[in-house]
Amino acid sequence: MKFRYRLLIICCTLLASAKFSLATHYRAGEVLYQYLGNFKFQVTVITYSKWSAPSNQADRNQVVVSWGDGAKDTIGRVNGPDIDPPDGYPDGVFVAADIKKNIYTGIHTYPGVPPPPNRFYLVEFYDQNRMASIANMSNSIDVAFYVEDTIKFPTDLANIGFNSSPILLNPPIDYANIGQIFYHNPNAYDPNGDSLDFKLIAPLQDHD
């Protein structure tokens with residue numbers, strides 16, 4: 001059976017300007033999930049962060065994920081070498097000048113299909129803070145960074161909750177220029193072969 005997903009893309013193209021030593025690093029990010037069976041899911045949080053000082057002081061070896069069923073877990077970074085300094089956690093990988101990609105993974109087993117009226121689990125990642133000097137955001141340095149994904153269990157498509165989320169192959173780290181048309185193709189595909197819809201939304205600060 002084919003399903004149609006509505007994929008919410010949150011792409012943040014940010015300019016760097018440090019104000020606080022511990023809160024100026026998040027550029028962009030996303031949450032993905034993979035179904036492992038028997039209501040068990042592996043969730044991946046991907047963030048893109050500024051590394052040059054003082055933003056590197058806000059680097060995260062671990063982040064907290066809310067699973068949507070009342071539970072939270074601290075999950076560790078899994079990509080890159082462990083050399084800066086060695087502490088048991090990989091350091092992430094640089095993908096462009098002063099842009100580091102961080103991948104965090106965790107596994108969670110849900111108690112079953114969520115009860116009505118929601119019929120979904122909202123997987124959330126929230127942390128401080130976005131980078132400074134985002135042109136279309138007031139005081140971006142004080143704005144929290146938030147991304148989410150939704151595991152849906154609609155009654156009319158009973159097995160959609162047992163699929164995996166779409167995958168975005170192009171990272172959201174483009175730069176936009178004043179007076180020029182901005183293009184971004186996330187190059188999304190669905191590992192279950194389902195069709196995808198896209199919708200632009202305003203950047204989020206929390207689940208509300």
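**Exercise 1. State what share of the contacts in the protein chain with a separation of 6 or more comes from residues 24 or more positions apart, and describe the chain as a whole.**

Solution. Step one is the count of contacts, where contact means heavy atoms within 4.5 Å: residues 24 or more positions apart account for 63% of the contacts with a separation of 6 or more. This is a predicted model, in which local features need pLDDT of at least 70 and side-chain atom pairs count only at pLDDT 80 or more, while totals for chains, interfaces and linings use all residues. Residues are numbered from 1 along each chain as its sequence is written, and side-chain values use heavy atoms, with hydrogens and water left out.

Step two is the list of elements: the protein chain has twelve strands and zero helices, with helices (H or I, at least four residues) and strands (E, at least two) taken as DSSP runs numbered from the N terminus. Step three is burial, where buried means under 20% relative accessible area, exposed over 50%, and partly exposed in between (1.4 Å probe, protein chains only); buried residues make up 41% of the 208 residues in the protein chain.

**Exercise 2. Work out the strand order of the open sheet of four strands, and say which strands stand at its edges.**

Solution. The order is β2-β3-β7-β6, and the pairing is antiparallel, two strands being paired if DSSP finds at least two bridges between them. At the edges stand β2 (26-37) and β6 (93-96), and because each has a single partner strand, one side of each is left without a neighbour in the sheet. Looking at β2 and β3 (residues 40-50), one finds ten bridges joining these antiparallel strands, with Gln34 standing opposite Gln42 in β3.

**Exercise 3. Follow strand β4 (residues 62-66) to its pairing partners.**

Solution. With β5 (residues 72-76), β4 pairs in the antiparallel sense over five bridges, and Gln62 stands opposite Gly76 in β5. The hairpin of β4 and β5 has five residues between the strands, and in this hairpin Gly68 takes a positive phi near 95°. With β8 (residues 120-127), β4 pairs over two bridges, again in the antiparallel sense, and here Val65 stands opposite Phe125.

**Exercise 4. Identify the residues of the largest nonpolar core that touch the most other members, and the strands that supply at least two residues each.**

Solution. A nonpolar core is a set of buried Ala, Val, Leu, Ile, Met, Phe, Trp, Tyr and Cys residues joined through side-chain atoms within 4.5 Å. Of the 19 residues in the largest one, Val31, Val45, Tyr110, Val123, Phe125 and Ile151 touch the most other members. At least two residues of this core come from each of β2, β3, β4, β8 and β9 (145-152). Apart from this core lies another, of seven residues, among them Ala28, Leu32, Ile46 and Tyr48.

**Exercise 5. Set out the surroundings of Asp59 and of Asp194: is each buried or partly exposed, and which side chains make polar contacts with them?**

Solution. Asp59, in the loop between β3 and β4, is partly exposed, with a relative accessible area of 26%. A polar contact is a pair of N or O atoms within 3.5 Å; within protein, one must be able to donate a hydrogen and the other to accept it, and residues adjacent in sequence count only if both atoms are side-chain atoms. The side chain of Asp59 makes such contacts with the side chains of Arg77 (2.9 Å) and Lys100 (2.8 Å). Asp194, in the loop between β11 (188-189) and β12 (195-200), is buried, with a relative accessible area of 8%, and its side chain is joined to that of Asn163 by a polar contact of 3.0 Å.
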